[in-house]
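Have the sequence and the 3D view open side by side. We'll go through the chain as a whole and then stop at a handful of residues.

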Amino acid sequence: QVQLVESGGGLAQPGGSLRLSCTASGFTFSSYAMSWVRQAPGKGLEWVSGIYSDGSDLYYADSVKGRFTISRDNAKNTVYLQMNSLKPEDTALYYCARYSGSYYSPSDLRKYDVWGQGTQVTVSS
C-alpha cells in the first residue's frame, strides 16, 4: 500500500523551530521527487519546498527561503522539513507529497499523485 505519513508538527513560538518528517512506504522512495505543501486556515494549497529524488536539487518558495531546509534520507524512506525562524503566517496543515511527472516542476501541484494526511503546525505566542 502506497503511503506517506507525516509527523513532527505542533505548537511553536514565533522565532522557534520545528522539524517535520514524512515516511514513505509501498513504493521505491528513492525514485521520486518529493515536496512539502501547506494549507493555512481558509486558504488554498501552497507549495513550500521540493527535493529531487537523489537529493541533488532543492527548491523553496520565496516565503520560506532562508528559513526552511528540506532534506531526505533514502535509506530511511524519509523526507524532512527543518523550519526555523517560524512566523505566525507559517501556521498551516503541512502535507508531504510524491511527484509523478516526468519533468520536475516542483511547484506544479497537479503533478503530485500521493499525499499524506498532514501534520498541523501552529505558530503562536
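What follows is a short tour, from the whole chain down to single residues.

## The whole chain

Keep in mind that this is a predicted model. The chain has 0 helices and 11 strands, so its pattern along the sequence is written β-β-β-β-β-β-β-β-β-β-β. Along the principal axes, the C-alpha atoms fill a box of roughly 40 × 25 × 25 Å.

How does the radius of gyration of the chain agree with that of a compact globule? A compact globule of 125 residues would come out near 14 Å, and the chain has 13 Å, so the two agree. Of the 125 residues, 45% count as buried. Contacts across the sequence matter for the picture too: take the contacts with a separation of 6 or more, and 57% of them join residues 24 or more positions apart.

## Surface and charge

The accessible surface of the chain adds up to about 6,200 Å². Carbon and sulfur atoms own 45% of that surface.

Now for the charges. The chain carries 11 positive and 10 negative ones. Average the positions of each set, and the two mean positions end up 2 Å apart.

## Ser49, a buried serine

Look for Ser49 in strand S5, which covers residues 45-51. Is Ser49 buried or exposed? Its relative accessibility is 0%, and because anything under 20% counts as buried, Ser49 is buried.

The side chain of Ser49 reaches the backbone oxygen of Tyr59 at 2.8 Å. Leaving out residues up to four places away in sequence, Ser49 touches Met34, Ser35, Trp36, Tyr59, Tyr60, Ile70 and Leu81. Notice that Tyr59 turns up again here, among the residues in touch with Ser49.

## Tyr99 in strand S9

Tyr99 sits in strand S9. With a relative accessibility of 3%, Tyr99 counts as buried. A polar atom of its side chain lies 2.6 Å from the backbone oxygen of Tyr103.

Beyond four places in sequence, Tyr99 touches Tyr32, Ala33, Tyr104, Ser105, Asp108, Lys111 and Tyr112. Met83 is 16 residues from Tyr99 along the chain, and their C-alpha atoms are separated by 22 Å.

## Val5 and Gln117

Val5 belongs to strand S1, residues 3-7. At 37% relative accessibility, Val5 is partly exposed. Which residues does Val5 touch, once those up to four places away in sequence are set aside? They are Ser21, Cys22, Thr23 and Gln117. Take Cys22 as an example: 17 residues separate it from Val5 along the chain, and the C-alpha atoms are 5.3 Å apart.

Gln117 is in the loop between strand S10 (112-115) and strand S11 (119-123). Gln117 is partly exposed as well, at 46% relative accessibility. Apart from neighbours within four places in sequence, Gln117 is in contact with Leu4, Val5, Glu6, Leu93 and Tyr95. Thr28 makes another useful landmark: Gln117 and Thr28 are 89 residues apart in sequence, with 20 Å from C-alpha to C-alpha.

## Ser31, out in a loop

Ser31 lies in the loop between strand S3 (18-25) and strand S4 (34-39). Its relative accessibility is 51%, and because over 50% counts as exposed, Ser31 is exposed.

Try finding Asp54 from here. Ser31 and Asp54 are 23 residues apart along the chain, and their C-alpha atoms are separated by 7.7 Å.

## Two positive phi angles

One last thing to look for is backbone angles. Most residues other than glycine have a negative phi. What is the phi of Asn77, a residue other than glycine? Its phi is near 55 degrees, a positive value. Asn77 is in the loop between strand S7 (68-73) and strand S8 (78-83), and it is partly exposed, with a relative accessible area of 27%.

Ser85 also isn't a glycine, and its phi is positive, at about 50 degrees. You'll find Ser85 in the loop between S8 and strand S9 (92-99). Ser85 is partly exposed, with a relative accessible area of 41%.

Methods:
Residues are numbered from 1 along each chain as its sequence is written. This is a predicted model: local features need pLDDT of at least 70, side-chain atom pairs count only at pLDDT 80 or more; totals for chains, interfaces and linings use all residues. Side-chain values use heavy atoms; hydrogens and water are left out. Helices (H or I, at least four residues) and strands (E, at least two) are DSSP runs, numbered from the N terminus. Buried means under 20% relative accessible area, exposed over 50%, partly exposed in between (1.4 Å probe, protein chains only). A polar contact is a pair of N or O atoms within 3.5 Å; within protein, one must be able to donate a hydrogen and the other to accept it, and residues adjacent in sequence count only if both atoms are side-chain atoms. Contact means heavy atoms within 4.5 Å. The radius of gyration is taken over C-alpha atoms; the globule rule is 2.2 Å times the number of residues to the power 0.38. Accessible areas come from the Shrake-Rupley method with a 1.4 Å probe; for residues, only the protein chains shown count as cover. Lys and Arg count as positive and Asp and Glu as negative; His and the chain ends are not counted. The place of a charge is taken as NZ of Lys, CZ of Arg, CG of Asp or CD of Glu.
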